[in-house]
Amino acid sequence: MKSDAISYAPRGLSREEAARYIGVGSTLFDEMVADGRMPKPKRINSRAVWDRVALDIAFTSLPDKDSGLQELLERSRRDVEKR
């Protein structure tokens, strides 16, 4: 394969890579996929591959613990709706 001068993150991740990407172990990642907190994989032939962008969206949707970020986002959304 030809070397690419541009460095970029892969779009498709294996189960282990996806778990590491969001900062959890494989067992917890499996639980999160099963309960819908993380997306199901795409199938490429017999491989299960997780879309990095879908992981980003799911991760952003997870609740924040005492950071106030969720409250700020909701307040911002209400302010926009009032306009």
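User: Which term fits G25: buried, partly exposed or exposed?
Analyst: This is a predicted model, in which local features need pLDDT of at least 70, side-chain atom pairs count only at pLDDT 80 or more, and totals for chains, interfaces and linings use all residues. Residues are numbered from 1 along each chain as its sequence is written, and side-chain values use heavy atoms, with hydrogens and water left out. Buried means under 20% relative accessible area and exposed over 50%, with partly exposed in between (1.4 Å probe, protein chains only). The relative accessible area of G25 is 42%, so G25 is partly exposed.

User: Where is G25 placed?
Analyst: Helices (H or I, at least four residues) and strands (E, at least two) are DSSP runs, numbered from the N terminus. G25 sits in the loop between α1 and α2.

User: Which elements give two or more residues to the largest nonpolar core?
Analyst: A nonpolar core is a set of buried Ala, Val, Leu, Ile, Met, Phe, Trp, Tyr and Cys residues joined through side-chain atoms within 4.5 Å. The largest one has twelve residues, among them L13, A18, F29, W50 and L62. Two or more of its residues come from each of α1 (15-22), α2 (26-34) and α3 (52-61).

User: Why do the buried residues of α1 line one face of the helix?
Analyst: The buried residues of α1 are A18, A19 and I22. The arc is taken from the directions from the helix axis to the C-beta atoms. Seen down the axis of α1, these residues line one face because they fall within an arc of 100°.

User: Which exposed residues lie on the face of α2 turned away from its buried side?
Analyst: In α2 the buried residues are F29, M32 and V33. They are on the same side of α2, because their arc around the axis is only 100°. The face turned away from that side carries the exposed residues T27 and A34.

User: At what angle do α1 and α3 pack?
Analyst: A18, Y21 and I22 in α1 meet R52, L55, D56 and F59 in α3, contact meaning heavy atoms within 4.5 Å. Axes are lines fitted to C-alpha atoms, for helices over the stretch in contact, and angles run from 0 to 180 degrees between N-to-C directions. The axes of α1 and α3 are 11 Å apart, and the angle is about 35°.

User: Which residues does V33 touch, not counting those up to four places away in sequence?
Analyst: V33 is one of the buried residues of α2, and these pack against α1, β3 and α3. Beyond four places in sequence, V33 touches M38, P39, K40 and W50.
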